[in-house]
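User: I would like to go through this model term by term. For each label, give me the value and the cut-off behind it.

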Amino acid sequence: MSLILFAFVVRVRDGLPLSASTDFEHNKELQERKQQLKTISKALTLFPERGTVKGHELNIYFLSSEGVSYMTICSSRFPAAMAFSFLEDLRWEFTALFDNTTIALASRPYPFLEFDSIIQKMKHHYSNSSSPSLTLSLADIQEDLRTRPPKVLNLEEMVPTNGLTNGHAEPVSGSVQSQRLEPVKASGILSLVLNIMCAALNLIRGVHLIEYTFQDDNEGIWNVLAFLFAFACCLCQCNLYLFHTSSKKLKSFVALSFIFLCNIFLYGLRNIWQVIFHVAVASLSTHLTLTRKLQDKLNDCGV
């Protein structure tokens with residue numbers, strides 16, 4: 001069995017996998033370590049720059065720098081200094097090829113496939129522990145680990161983190177929410193445009209009525225409030241469609257109900273076709289909001 005079994009490069013802020021080595025080993029403990037690697041990668045903002053997870057035969061090592069984390073699964077016989085030297089070399093190679101802007105703009109998993117071959121070459125290079133180039137730098141790595149030892153993580157510390165990354169706990173301040181909604185479709189864009197148009201019509205009619213309301217001794221104040229409240233509900237529907245929020249179903253039905261009631265109240269100032277149009281747009285928006293699903297595994301590291 002190789003001393004370095006798996007290497008992985010991931011973006012710190014959201015756990016997006018950027019590059020990984022080819023996996024030729026298959027055993028039960030390796031699969032367990034890969035699951036732990038996935039857990040750590042989704043909550044790197046909670047961990048220090050360097051860390052270790054000890055196992056029976058395999059250990060995990062990770063090093064984070066400038067928004068990118070370099071992670072590896074190694075045999076427990078492989079010295080920690082060698083593992084971190086390997087990660088440091090990965091960091092230098094990766095930063096030489098990709099700048100911060102390119103990394104920040106990456107939107108899909110594994111966008112830097114060309115780096116996979118470099119990882120493979122470095123794994124092969126480190127399989128020869130007697131390499132002179134390694135011997136020269138190993139003393140510095142060992143001294144640095146002695147003065148600033150990496151944090152040793154245990155399974156108990158990783159359990160609440162796993163719950164956080166799977167949506168069972170609220171993320172702490174500074175962490176990134178892993179849940180994201182599906183991409184906006186053409187029907188969603190149409191719904192947003194119609195909703196914004198309805199909101200604009202409600203606002204224009206409401207502001208226009210304010211002048212006449214003051215002239216008529218505030219007799220039409222309820223009509224003004226109905227228009228303005230319908231305007232606010234339309235904007236609320238846009239927000240519910242675009243962003244994930246708790247109690248989304250309840251909020252969507254409440255917004256739809258108020259839009260329906262406001263338009264029924266305004267019947268007379270609006271004809272039946274205008275009322276039907278506004279209610280139909282609100283109903284379409286509610287349907288699309290409730291059917292737009294979460295992509296919990298968008299940032300899955302695929303290990």
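Analyst: Contact means heavy atoms within 4.5 Å, and helices (H or I, at least four residues) and strands (E, at least two) are DSSP runs numbered from the N terminus. This is a predicted model, in which local features need pLDDT of at least 70 and side-chain atom pairs count only at pLDDT 80 or more, while totals for chains, interfaces and linings use all residues. Residues are numbered from 1 along each chain as its sequence is written, and side-chain values use heavy atoms, with hydrogens and water left out. By these rules the chain has 10 helices and six strands.

User: Which residues of helix 9 and helix 10 meet?

Analyst: From helix 9, Lys248, Lys249, Ser252, Phe253, Leu256, Ile259, Phe260, Asn263 and Ile264 take part. Their counterparts in helix 10 are Val275, His278, Val279, Ala282, Ser283, Thr286, Thr289 and Leu290.

User: Why are helix 9 and helix 10 called roughly antiparallel?

Analyst: The axes of helix 9 (residues 248-265) and helix 10 (residues 272-291) cross at roughly 180° and come within 9 Å. Axes are lines fitted to C-alpha atoms, for helices over the stretch in contact, and angles run from 0 to 180 degrees between N-to-C directions. Angles under 35 degrees count as roughly parallel, over 145 as roughly antiparallel, 65 to 115 as roughly perpendicular and the rest as oblique. Helix 9 and helix 10 therefore count as roughly antiparallel.

User: What makes Ser191 buried?

Analyst: Its relative accessibility is 2%, so Ser191 counts as buried; the term means under 20% relative accessible area, with exposed over 50% and partly exposed in between (1.4 Å probe, protein chains only). Ser191 lies in helix 7 (residues 186-215). Setting aside neighbours within four places in sequence, Ser191 contacts Leu284, Ser285 and Leu288. The C-alpha atoms of Ser191 and Leu284 are 6.8 Å apart, although 93 residues separate them along the chain.

User: How much of the chain is buried, and what share of the contacts is long in sequence?

Analyst: Of the 303 residues, 43% count as buried. Among contacts with a separation of 6 or more, 70% are between residues 24 or more positions apart.

User: How do you know which strands pair, and in what order does the sheet run?

Analyst: Two strands pair if DSSP finds at least two bridges between them. The result is an open sheet of six strands in the order 2-1-5-4-3-6, with mixed pairing. Strand 2 (17-20) and strand 6 (151-153) are at the edges because each has a single partner strand, leaving one side of each without a neighbour in the sheet. From one strand to the next, the twist averages 20°.

User: What makes the pairing mixed?

Analyst: Strand 1 and strand 5 run antiparallel and share seven bridges, with Phe6 bridged to Ile73 of strand 5. Strand 3 and strand 4 also run antiparallel, with four bridges, and form a hairpin with four residues between them. Strand 3 and strand 6, by contrast, run parallel with three bridges, and Thr52 stands opposite Val152 in strand 6.

User: Why is strand 3 described as covered on both faces?

Analyst: In a regular strand the side chains alternate between the two faces of the sheet. In strand 3 (residues 50-53), Arg50 and Thr52 on one side and Gly51 and Val53 on the other are all buried.

User: What makes a set of residues a nonpolar core, and which members of the largest one touch the most others?

Analyst: Such a core is a set of buried Ala, Val, Leu, Ile, Met, Phe, Trp, Tyr and Cys residues joined through side-chain atoms within 4.5 Å. The largest has 30 residues, of which Val9, Leu18, Phe86, Leu87, Leu90 and Phe94 touch the most other members. Helix 2 gives the most to this core, with eight residues. A second, separate core of 19 residues includes Leu5, Val10, Ala43 and Ile60.

User: How many disulfides are there, and why is Cys234 not counted in one?

Analyst: The search of the whole structure finds zero. The nearest cysteine sulfur to that of Cys234 belongs to Cys198, 5.4 Å away, whereas a disulfide is a pair of cysteine sulfur atoms within 2.5 Å. Cys234 is buried, at 3% relative accessibility, and Cys74 is buried too, with a relative accessible area of 0%.
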